[in-house]
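Thanks for sharing this one. Here are a few notes to read alongside the sequence and the model.

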Amino acid sequence: MQYLTLNTFFFAELIIISITLLLFALRLRLRAYEKQTTLKILQTFRKKELPFFYSSGTIKQECFQTFFHLRPHLTLKLERHAMKNLNQAAKKVRFSLKKSPQNLRLQLLDAELSQLLEQKSDFTHLIENMILPVFTPRALKAKYNYLKALNELYQTDMSSASYHLSSALKSYKKLNYLYEEAECYAALGHIYRITGVFDVADTMYREAKKIYTTLNLTAKMAETEAYLGIIEISRENYTEAQKYLKSAADIAQTNNLTKTLADINNRQGLAAFLNQDLKSAEKFYNNALKNGTPQAQAFAAEMLSKIMLKTNRPDKALKYADIALNLNQTLNHRAGIFETLYLKAEIFYLKENYNQAKKILTSLIQEKTPPSTLYYPANAYTMLGLIELKQNNLNKAKTLIKQALDLEHAKNRLKGAAIDYGNLAQIALLEKDEATAKTYLEQALAYAKTIDDQELITTLSLKANPQDILQSQK
């Protein structure tokens with residue numbers, strides 16, 4: 001009896017060991033298959049244009065399904081389709097969501113595709129209305145945190161964006177999802193760059209680039225190199241910026257990434273524009289306008305309009321502004337629409353077509369300003385005030401510029417306030433109130449010194465008396 005018990009125990013142990021060894025062997029074979037499949041899929045992405053959808057989790061799940069001859073579920077098929085064609089996949093995902101609205105993976109896929117396709121209003125609506133179940137798998141929760149952070153970045157909530165990105169990054173490291181790690185590093189780079197912490201931003205972008213280089217994703221390598229150039233633009237190191245941007249452009253050109261190159265051309269154009277090299281800037285922007293995505297073309301056309309304005313070609317400036325406006329309207333890019341309309345008002349103002357300028361500016365003031373826009377309502381009030389000043393309507397001009405000044409004070413925009421005080425000084429002078437004009441001019445100079453705007457300080461300091469004040473645009 002004892003012999004049978006020992007024998008039974010021995011065979012039980014043998015079975016457990018055999019099963020363990022079998023599972024270990026299967027795991028090794030599965031990992032080898034995953035690695036082989038990942039390398040094969042990465043090969044198709046190495047010269048793929050941005051934007052593209054790539055998911056380590058999708059590849060991992062697809063390998064598991066194929067390895068064990070399981071039938072892949074619909075969401076997995078849609079994710080794989082998204083890797084091949086963003087627009088087609090987005091349509092199919094939205095159709096599938098009508099039948100399965102509670103499918104979290106589908107919801108996340110829909111949100112991510114909206115973000116990649118720059119459908120910002122759709123993306124914001126989707127991510128803000130998404131509710132995660134209590135026991136959400138780690139990979140899906142990480143994806144949610146990453147997308148939530150991108151939405152918070154868009155809404156300029158940097159603190160929350162940083163928190164959610166750090167959480168996503170931690171999860172992706174545990175999952176060994178390299179591509180998603182890099183995406184988190186790149187997004188953290190954006191946060192630190194926007195908030196002016198350039199050294200940390202530089203480190204984040206380099207971490208991202210290191211992973212993209214390991215995966216040999218050339219478009220992402222070029223994009224990250226370009227962001228290193230943008231950091232130098234923010235530091236006003238334009239020569240250094242162009243070195244990074246040239247390196248990024250070379251990567252894109254070598255790999256025939258035409259659309260990615262157009263995006264980089266836009267950044268090269270910006271560096272040249274800010275460095276007052278308008279001839280080079282015009283060349284870069286023309287390349288982007290010719291070869292870019294609609295988003296890149298809209299930006300290039302807007303900047304070409306500004307160059308035409310700076311070089312005293314108002315008719316061409318208006319032509320490019322209309323191109324930019326049409327593209328932004330087609331894209332439903334509200335921030336771009338506001339900025340381009342304000343640019344058109346500037347052009348009409350300089351062409352002395354005051355009625356058209358006033359019409360645009362009044363409509364802009366009446367509309368709710370979208371987030372993440374360079375246009376600011378105070379600018380519209382200032383320009384309206386300058387138009388009334390040109391037409392010698394001093395009381396109206398004073399009222400409008402004081403409204404602009406109130407907005408500038410509310411947002412602590414000292415440069416705008418300094419310019420408005422300068423304009424109020426001119427009005428006071430025209431009203432023959434030199435004492436008030438002097439007070440306004442002194443306040444303008446004090447604000448200019450506070451923000452250490454040397455150009456504005458020089459302009460205001462050189463005025464021998466208030467009669468020399470020039471009208472300024474913010």
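1. Helix 21 covers residues 414–430, and its length checks out nicely in this predicted model. At 1.5 Å a residue, its 17 residues should span 24 Å, and the end C-alpha atoms are 24 Å apart, so expectation and model agree.

2. How enclosed is helix 21 by the rest of the structure? Of its 17 residues, 15 are buried, so helix 21 is largely enclosed by the rest of the structure. Buried here means under 20% relative accessible area. After helix 21 comes K432, which has a positive phi, near 65°.

3. Now to the second largest pocket, which has a volume of about 470 Å³. Its lining is made up of 16 residues, and those nearest the centre are E34, K35, T38, N176 and L178. Two or more lining residues come from each of helix 1 (2–45), helix 2 (56–67) and helix 9 (178–194). Helix 1 is the main contributor, giving 6 residues to this lining.

4. What is the chemical make-up of that lining? The residues lining the second largest pocket divide into 9 nonpolar, 4 charged and 3 polar.

5. A word on cysteines, since you may be wondering about disulfides. Searching the whole structure turns up 0 disulfides. C63 has a relative accessible area of 1%, under the 20% cut-off, so C63 counts as buried. C184 is buried too, with a relative accessible area of 0%.

How values were computed. Residues numbered from 1 in each chain as written. Predicted model: local features only at pLDDT ≥ 70, side-chain atom pairs only at ≥ 80, totals over all residues. Heavy atoms only, no water. 1 Å grid on protein atoms, 1.4 Å probe; cavity = no way out; pocket = protein on both sides within 12 Å on 5 of 7 lines; lining within 4 Å. Points joined across faces, edges and corners; volume = space filled by probe spheres on them. Helix = DSSP H or I, 4+ residues; strand = E, 2+ residues; numbered from the N terminus. Nonpolar A, V, L, I, M, F, W, Y, C, P; charged D, E, K, R; others polar. Disulfide = S-S within 2.5 Å. Buried < 20%, exposed > 50% of the residue type's maximum accessible area, 1.4 Å probe, protein only. Expected span 1.5 Å × (residues − 1).
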